[in-house]
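Visitor: Got a minute? I'd like to go through this structure with you.
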Amino acid sequence: MSHQFLPLEIHTSAMNDMKSHGEDAFPNECCGFFYGEEKNGVRVVLFAKRIENVKEGDQRRRFEISGKDYMKAERFATKEGLTLLGIYHSHPLHPAIPSEHDLAVAMPWFSYVIVSVENAGVDHVRSWQLSTERQFKEEIIK
Amino acid sequence: MATLIIPTPLRKFTDGKSVFEASASTVKGLLEALSTSHEGIQKHLFDDAGELRSFIRVYVGDEDINELEGAETKIEDRDEVSIIPAIAGGSK
């Protein structure tokens, strides 16, 4: 099997929110969660939620989400009957390809959406998921 | 029984369940009980030396166990323990 992941369908409003967050935070990295459901063989992202980048020091190349914000995200998903599907973050002036730092702490199953932002605005968006061999494989965004 | 909250990305090892309950006196005991009863989850929680992986945080209630006694933090019945994956990264 060449691709074991479900395709990702990101609703336009969710995609726009992630992109605008990337531009608002530029030249720093932004980060957030997105929620939705898996239905009929598709992972559907219904909306995204901005989260504070708590990384101390230079945020142009790093992001971090606090443990408390993570707990809140899980509780929010449970309360709303949604699934926490993954995390997005931006790569200012850098392609949307996961770095070693992204890989080092990646969890299985989550989708990792990366928004590449250039000086003129968002350049492209790609999504990745960890394989069973702990390597990132690209997901198809429908 | 203490309650352990399983984060979404690890629920594929718990048949989709978000909660695991077991009797244990420490955080480590509770995590080991989870690992014993759910095959495949252990490697995501512990390294080869049996230490908690650096990208896994554990909270008892709203407190990070790193601010308490680490994996040896004592727990009581009705405590809610959460496994929290570290969410971080960056472009370079």
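Visitor: How many residue pairs are in polar contact between chain A and chain B?
Guide: This is a predicted model. Between chain A and chain B there are nine residue pairs in polar contact, counting both residues at pLDDT 80 or more.

Visitor: Which elements of chain A supply at least two residues to the side that touches chain B?
Guide: β4 (63-65), α2 (67-80), β5 (83-92) and α3 (100-104) of chain A each do.

Visitor: Which one gives the largest share?
Guide: α2(A), with six residues.

Visitor: And how do the residues on that side of chain A divide into nonpolar, polar and charged?
Guide: 12 are nonpolar, eight are polar and 10 are charged.

Visitor: Charges, then. How many salt bridges cross the interface of chain A and chain B?
Guide: The rule finds four. One of them pairs Glu74(A) with Arg11(B). Their closest N and O atoms are 3.2 Å apart.

Visitor: Switching to strands. Which strand of chain B is joined to β4(A)?
Guide: Strand β6, residues 87-89 of chain B. Three bridges join the two, and they run antiparallel.

Visitor: What is the bridge partner of Phe63(A) in β6(B)?
Guide: Gly89(B).

Visitor: Now the whole contact. How many residues does each chain put in?
Guide: Chain A gives 30 residues and chain B gives 24 residues.

Visitor: What area do chain A and chain B bury between them?
Guide: About 2,500 Å². Carbon and sulfur atoms account for 61% of that.

Visitor: Why quote an area at all?
Guide: Because the size of an interface is often given as the accessible area lost when the parts come together.

Key. Residues numbered from 1 in each chain as written. Chains lettered and ligands numbered in written order. Predicted model: local features only at pLDDT ≥ 70, side-chain atom pairs only at ≥ 80, totals over all residues. Heavy atoms only, no water. Contact = heavy atoms within 4.5 Å. Buried area = accessible area lost by both parts, 1.4 Å probe. Salt bridge = Lys/Arg side-chain N within 4 Å of Asp/Glu carboxyl O. Polar contact = N/O pair within 3.5 Å; in protein donor to acceptor, adjacent residues only side chain to side chain. Helix = DSSP H or I, 4+ residues; strand = E, 2+ residues; numbered from the N terminus. Nonpolar A, V, L, I, M, F, W, Y, C, P; charged D, E, K, R; others polar. Pairing = 2+ DSSP bridges.
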